[in-house]
Amino acid sequence: ADPTPVRRAGSSGRAMALASALDAAAAAEDQVSKVDKYRELVDSAVRSGDKKARLLAIARHAIENTVVGTVARPVCEYLASQVAEHVVDYDDLDPIGEALLEVLGPQGQAMAVADYTLRRALFDLYAANEDFEPAATVLSKCVSVPVAQRAATFAEIAQAFLMADNAGAAEMALRQVAELMADEDAVDKATQLRYRACRAQVADLQRNYKQAAATYSSLSQLEGDVKQAELEVFLDRAAVCAILDRAGPQRQRILNKIYRDPRAADLPSFVMLEKMCRQQLVRKEEADEFRATLRPHHLASVGDGSTVFDRAVREHNVLAASLVFTAISFSSLGDLLEVDAAAAEKYAARMVEEGRLQATIDQVQGVLEFGTGTADELSAWDTSLADLFGALTTAVDAISTAHPHLVDC
């Protein structure tokens, strides 16, 4: 005999039994009894082999056959909590969670708690699987976020969007956090830290390297409960963003600040940081070694076929050349920058126009004449002072370690 009809009959029988039990729950004498009976069915469903069909049937039946405010809502809130706690496998939670959200959706604010519980469970599931864009998207569509968790939730959403390199969506979530941060007592320190770190990442992704470097540098100086390893990550990111920023006096100041930090020597970016802080020419092999450590968006094209990092190195080398030469032909400058003479002239012209390089261009002779003005001298002076202060700090630290009584005095 064909066993298929037997299986179908068994499945049909279970469905009929569930339908009868649901009708009995809806017909219970009072609201409390109704909720209790539905909850018993939920407890059985989450542990069954056909949990998706049974859980959906329970949610639909409660919504369609009972008063939403007094029965359906607490039943669905309980159902959502049990799904979040007991349905942990990706292949189960993903389809069950999404299907339940569709059932709850038309009820709007009445199912806000159940909606948030399911979306939070899906967020955690997707994030653990490194599906950051779906994770951020599902949580961002909450009907309502509990007030006590609102700032932390939007900060998590922003962070997940950033993990997916979606700076625009992250920025929208951060605006929600910013509004809540007007009341500092309503936002815990961990959320405030996450917010500031996300702001730095948004600036980084949007190529606002000056702001990103400054924010990361500020974060690296925090004290308290922040782990030292996390502070060092912030410092290294500050260094990377400063390196990628457009060459000029402002960039040089942030580079000097990072370079003077006692932890800088242990950073992965230290070799390139030192080169650029000292305004020394960066060789191709040094650039290639550092390029291998950069994230993909740092290697994005800037329109002329070169990358953000290529532009940063070339502009830096133009400034470094200004400390070595009084004048240089665009042909020779092109050899230094590994571009043709026309491209070398464009780099120099842009920097002169923006006030980041003091020089004059002799187009007839095809020569770049570096100015004798104070910009180069001040820049070199800043670097010399940075080296002096760095050496002085090292000496003081050594003396305080060997002779602590002198420091106490």
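Helices are DSSP runs of at least four residues, numbered from the N terminus. With that in hand, Arg291 and Asp288 make a good starting point: these two residues lie three apart in helix H15, so about one helical turn separates them. Their side chains meet in a salt bridge, with 2.5 Å from N to O. Arg291 is partly exposed, at a relative accessible area of 24%, and Asp288 is likewise partly exposed, at 31%. The pairing fits a general picture, in which side chains of opposite charge can pair when their charged atoms come close.

The model described here is predicted, and a word on confidence helps in reading it. The protein chain has an average pLDDT of 87, and 88% of the residues score at least 70. Among the elements of the chain, helix H7 (residues 132-140) has the highest mean pLDDT, 97, while helix H20 (residues 404-408) has the lowest, 49. Residues 1-9 have a pLDDT below 50, and this stretch makes zero contacts in the model beyond near neighbours in sequence. Residues 372-378 also fall below 50, but that stretch has nine such contacts. Where pLDDT is low, the predicted coordinates should not be read in detail.

Taken as a whole, the protein chain contains 20 helices and three strands. Of its 409 residues, 43% are buried. The accessible surface amounts to about 21100 Å², and carbon and sulfur atoms account for 52% of this area. Contacts also reach across the sequence: of those between residues at least 6 apart, 59% join residues at least 24 apart.

Salt bridges offer a further way into the model, which holds 19 of them. One of these joins the side chains of Glu286 and Arg283, at 3.2 Å from N to O. The two partners differ in their surroundings: Glu286 is buried, with a relative accessible area of 14%, whereas Arg283 is partly exposed, with 42%. Another salt bridge links Glu354 with Arg356, whose closest N and O atoms are 2.8 Å apart. Here Glu354 is partly exposed, at 44% relative accessible area, and Arg356 is buried, at 12%. This pair belongs to a network in which salt bridges with shared partners join Arg246, Glu315, Arg350, Glu354 and Arg356.

Lys34 presents a contrasting case. This residue sits in helix H2 (residues 31-45). Lys34 is buried but has no salt bridge, and the nearest side chain of opposite charge, that of Asp30, is 8.0 Å away. A salt bridge requires the nitrogen and oxygen to be within 4 Å, so a pair at that distance does not qualify. Leaving aside residues up to four places away in sequence, Lys34 touches Ala25, Ala26, Ala27, Ala28 and Val71.

The loops hold several details of their own. Between helix H14 (270-277) and helix H15 (284-291) lies a loop that includes Gln279. Gln279 is buried, with a relative accessible area of 8%, and its phi is near 60 degrees, a positive value in a residue other than glycine. Leu281 is found in the loop between H14 and H15 too, where it is partly exposed at 28% relative accessible area. Although 39 residues separate Leu281 from Ala320 in sequence, their C-alpha atoms are 5.6 Å apart. Leu281 touches Ala320 along with Lys275, Glu286, Asn317, Ala321 and Leu336, not counting residues up to four places away in sequence.

Further along, Asp304 occupies the loop between H15 and H16. Asp304 is exposed, with a relative accessible area of 51%. Asp304 and Ala343 are 39 residues apart in sequence, with a C-alpha to C-alpha distance of 9.5 Å.

The loop between helix H16 (308-322) and strand S1 (327-329) contains Leu323. Leu323 is partly exposed, at 36% relative accessible area. Together with Val324 and Phe325, Leu323 forms a nonpolar patch on the surface, and the three residues share about 250 Å² of accessible area. Finally, Glu338 is placed in the loop between helix H17 (330-337) and helix H18 (341-353). Glu338 is not a glycine, yet its phi is positive, at about 65 degrees.

Note on methods: Residues are numbered from 1 along each chain as its sequence is written. This is a predicted model: local features need pLDDT of at least 70, side-chain atom pairs count only at pLDDT 80 or more; totals for chains, interfaces and linings use all residues. Side-chain values use heavy atoms; hydrogens and water are left out. Buried means under 20% relative accessible area, exposed over 50%, partly exposed in between (1.4 Å probe, protein chains only). Lys and Arg count as positive and Asp and Glu as negative; His and the chain ends are not counted. Contact means heavy atoms within 4.5 Å. pLDDT is the predictor's confidence in each residue, from 0 to 100. Patches are made of residues with over 30% relative accessible area and no salt bridge: like charges are joined within 9 Å, nonpolar side chains (Val, Leu, Ile, Met, Phe, Trp, Tyr) within 5 Å. Accessible areas come from the Shrake-Rupley method with a 1.4 Å probe; for residues, only the protein chains shown count as cover.
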